[in-house]
Amino acid sequence: MRARRLNGYHKMMPTPDDYPAFKPCRCGSSRSYQACCQPYLQGRLPAPTAEALMRSRYTAYTLKLEGYLLATWHPGTRPERLDLQHDETRWQGLTVKNAEAGRESDARGRVEFVARYVNRGERSTVHEKSNFAKEDGRWFYVDGVMLS
Ligand SMILES: [Zn+2]
């Protein structure tokens, strides 16, 4: 018998990534991948907080897991598709600057972060304040404001 999947998730989940479970998580939490973002990216657990979702989405960008990004994007703002396979952005690190609400008991949350990347030899950053909403017990990325 197949394991029961979280509602609607399996349709958009990617094939499993091959990032080693014991390596430091890409989101910069200093925990191993398996103790951090992996259970969320594999759809085994929902991210419990807005910050955890934000971190897991950053990790999904680094691993080019479009399915997870779409599955955790609010249906009201979700793009029809994402193609990261030809994206030359190489993510270098994440710093979470601030989180407002977004706890397990909240329905809304905001996370401010800086993500560093290199694209075609150019170093740059994304500094964004992202809005998250929780529906049916699950956090979604809604939208964000670029700060610089
Ligand atoms: Zn992580």
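Two strands count as paired here if DSSP finds at least two bridges between them. With that in mind, here are some notes on this predicted model.

1. **Overall make-up.** The protein contains three helices and four strands. Following the sequence, you meet them in the pattern α-α-α-β-β-β-β. The protein has 148 residues, and 28% of them are buried. Of the contacts in the protein with a separation of 6 or more, 47% link residues 24 or more positions apart.

2. **The sheet.** The four strands build an open sheet, and its order is S1-S2-S3-S4, with antiparallel pairing. S1 and strand S4 (138–146) are the edge strands, since each of them pairs on one side only. Averaged over the sheet, neighbouring strands are turned by 30 degrees against each other, with direction ignored. As a general reminder, the strands of a sheet pair through backbone hydrogen bonds, and the pairing can be parallel or antiparallel.

3. **A helix on the sheet.** Helix H2, residues 50–63, packs on the sheet and touches S1, S2, S3 and S4. The direction of H2 makes about 170 degrees with the direction of S1.

4. **S1 with S2.** Which way do S1 and S2 run, and how many bridges join them? They run antiparallel, and ten bridges join the two strands. If you want to follow the register on screen, start with Trp91, which stands opposite Tyr117 in S2. Gly93 is another good marker, facing Arg116 in S2. The hairpin of S1 and S2 has six residues between the strands, and there Gly102 takes a positive phi near 75 degrees.

5. **Ala101.** This residue lies in strand S1, which covers residues 90–101. Ala101 has a phi near 50 degrees, a positive value in a residue other than glycine. Is Ala101 buried or exposed? Ala101 counts as partly exposed because it has 15 C-beta neighbours inside 10 Å, and the partly exposed class sits between the exposed limit of 12 or fewer and the buried limit of 20 or more.

6. **S2 with S3.** Twelve bridges hold the antiparallel pairing of S2 and S3. Val114 has His127 in S3 as its bridge partner, while Val111 stands opposite Ser130 in S3. The hairpin of these two strands has two residues between them.

7. **Arg120.** Where does Arg120 sit? You will find Arg120 in the loop between strand S2 (108–119) and strand S3 (122–135). In the hairpin of S2 and S3, Arg120 takes a positive phi near 50 degrees, and that is a positive value in a residue other than glycine. Arg120 has 7 other C-beta atoms within 10 Å, so it is exposed; the exposed class takes residues with 12 or fewer.

8. **Ser124.** Strand S3 also holds Ser124. Ser124 counts as exposed because it has 11 C-beta neighbours inside 10 Å. Which residues are in contact with Ser124, leaving aside neighbours within four places in sequence? They are Tyr117 and Asn119. Tyr117 is the residue in S2 that stands opposite Trp91. Ser124 and Thr89 are 35 residues apart along the chain, and their C-alpha atoms are separated by 9.9 Å.

9. **Pro24.** Away from the strands, have a look at Pro24, in the segment before helix H1 (38–41). With 13 other C-beta atoms within 10 Å, Pro24 is partly exposed. Not counting residues up to four places away in sequence, Pro24 touches Ser30 and Ser32. Pro24 and Gln34 are ten residues apart in sequence, and 8.8 Å lies between their C-alpha atoms.

Definitions and conventions
Residues numbered from 1 in each chain as written. Predicted model: local features only at pLDDT ≥ 70, side-chain atom pairs only at ≥ 80, totals over all residues. Contact = placed C-beta atoms within 7 Å. Axes fitted to C-alpha atoms, helices over the stretch in contact; angles between N-to-C directions.
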